[in-house]
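Hi everyone, thanks for making time this morning. Let me put the structure up on the screen, and then we can walk through a few parts of it together.

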Amino acid sequence: MAITGNGSLTISLSVFVISAAFLLKGAAETLSVEGQNLGTDNVSVIEGEMATISCRVKNNDDSVIQLLNPNRQTIYFRDVRPLKDSRFQLVNFSDNELRVSLSNVSLSDEGRYVCQLYTDPPQEAYADITVLVPPGSPIMDSREDVVSEGNETELTCTAMVSKPAASIRWMKGEQELTGEMTVDETYDRMFTVTSRLRLTVSKEDDGEPVSCIIDHPAVKDLRAQRYLEVLYQPEVKIVQAFPEGLTREGENLELTCIAKGKPQPHQISWLRVDDDVPSHTVITGSDLFIENLNKSYNGTYRCVASNTVGDAYDDYILFVYDAPTTIPTPTTLNLDNTQDSRAGEGAPQKIDHAVIGGVVAVVMFAILCALIVLGRYFARHKGTYFTHEAKGADDAADADTAIINAEGGHNNTEEKKEYYI
């Protein structure tokens, strides 16, 4: 019994040791597999260009790396290429990486590629190749080439066959606008995108650039541009060309009508609101001339300009003031000549002041001369009077007689009496 017991004990120990050995071996293999990390990255590539797939292994224990296509066909087994597609080329092979390039990528190459590491169990990592197809040049069109102010126009922009679908933005100058976009899917997962922009225009929009901008991961700064052409009615302004100041009786009046529009106004006319223009008024195109103003000409004068879009006008209110009552200024002809020969709006006023100052100086000088002459005249006649009054003193024999004669004495009285007798 003892032998039998010892034998059984020995057999049991042997089985335990063997089982433990297998368990340790399996654990070691499991630790080895879990310590090897297999990784890769997704790839986006433009159609016709090159894609690169990288299968990377961390802590490799000489396990075999291979790359499979979406159909699970082996492209590369270690550094050997079983697949007969020369577009696949080995870029790098080592214990830690298998890197393969694919040239001239087409839509048929799109899909999930598999990096596989031969371990127990095998490990796999997946690289998705996405093929981008850029849109062609955008096609931009408008409902009409020329639009009148206040009306609505429609612009369209189309991005043809792209993958993925493009997006379209609108810009008018520096202002971003929003259009209405539609997406149509075509063959082979391709997309055509159309955007419509409706826009009410004003005269300020004439010549303004409108751009449609295509946003797509395969292309940058793809745009189309048109310039708005807007027709608008005339803008009218009346300018008083002469005189520069107040309009007074006896003076002339010259008005100029400035009119701009698109198209350029083809007709400019003058009228007097609620009355007829004076009979001797001269109208030459955009200019109106009235000679020798008087107060009967007071009223509102209107310039009307017309083009194919519409009519517009501006008014000038004429009020004739009284003629100046001060020292007369130079004639209109001289003032015109002086104004033509000098630059600047203030020239006529400076001439008036100079003339007035000169006239005043002359008058004051004349008055001063007259006062001097009159003073000398009165002084001279006053001295002569006193001389004649004392004339008798010249013939007196002595001083007493001279005083008597000068004061109208008795002797003189007698002489005067004799003179009168």
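Let's begin with residues 354–374, where the chain is 100% helix and 0% strand. The C-alpha atoms at the two ends of that stretch lie 31 Å apart. Please keep in mind that this is a predicted model. For the same residues, 354–374, an unreviewed UniProt entry gives the feature "transmembrane region".

Now look at the surface there. Val355, Ile356, Val359, Val360, Val363, Met364, Ile367 and Leu371 make a nonpolar patch of about 640 Å². Take Met364 as one of these: this residue sits in helix α3, which covers residues 347–389. Is Met364 buried or exposed? With a relative accessible area of 52%, Met364 counts as exposed, because the cut-off for that word is over 50%.

Next, the sheet. Five strands form an open sheet with mixed pairing, in the order β11-β19-β20-β23-β22. Which strands stand at the edges? They are β11 (147–148) and β22 (282–284); each has a single partner strand, so one side of each has no neighbour in the sheet.

Moving inwards, β19 (residues 230–242) and β20 (residues 253–262) run antiparallel and are joined by eight bridges. Within this pairing, Tyr232 faces Lys262 of β20, and Gln240 has Leu255 of β20 as its bridge partner. On its other pairing, β20 is linked by four bridges to β23 (residues 287–290), again antiparallel. There, Glu254 is partnered with Phe289 in β23.

I like the two faces of β20. Leu253, Leu255, Cys257, Ala259 and Gly261 make up the covered face, while Glu254, Thr256, Ile258, Lys260 and Lys262 line the uncovered one. So if you are following the bridge pairs, Leu255 belongs to the covered face and Glu254 to the uncovered face.

For contrast, here is strand β4, residues 65–68, with both faces covered. Ile65 and Leu67 are buried on one side, and Gln66 and Leu68 are buried on the other. What does β4 pair with? Four bridges tie β4 to β8 (residues 111–117) in an antiparallel arrangement, and Gln66 stands opposite Gln116 of β8. Three bridges connect β4 to β5 (residues 74–77), also antiparallel, with Leu67 across from Tyr76 in β5.

Last stop: β4 and β5 form a hairpin, with five residues between the strands. In that turn, have a look at Arg72, which has a positive phi of about 65 degrees. That's my tour, thank you all for listening!

Technical notes. Residues are numbered from 1 along each chain as its sequence is written. This is a predicted model: local features need pLDDT of at least 70, side-chain atom pairs count only at pLDDT 80 or more; totals for chains, interfaces and linings use all residues. Side-chain values use heavy atoms; hydrogens and water are left out. Patches are made of residues with over 30% relative accessible area and no salt bridge: like charges are joined within 9 Å, nonpolar side chains (Val, Leu, Ile, Met, Phe, Trp, Tyr) within 5 Å. Accessible areas come from the Shrake-Rupley method with a 1.4 Å probe; for residues, only the protein chains shown count as cover. A salt bridge is a side-chain nitrogen of Lys or Arg within 4 Å of a carboxyl oxygen of Asp or Glu. Buried means under 20% relative accessible area, exposed over 50%, partly exposed in between (1.4 Å probe, protein chains only). Two strands pair if DSSP finds at least two bridges between them. UniProt positions are given in the numbering used here, feature names are shortened, and annotations may be inferred rather than shown by experiment.
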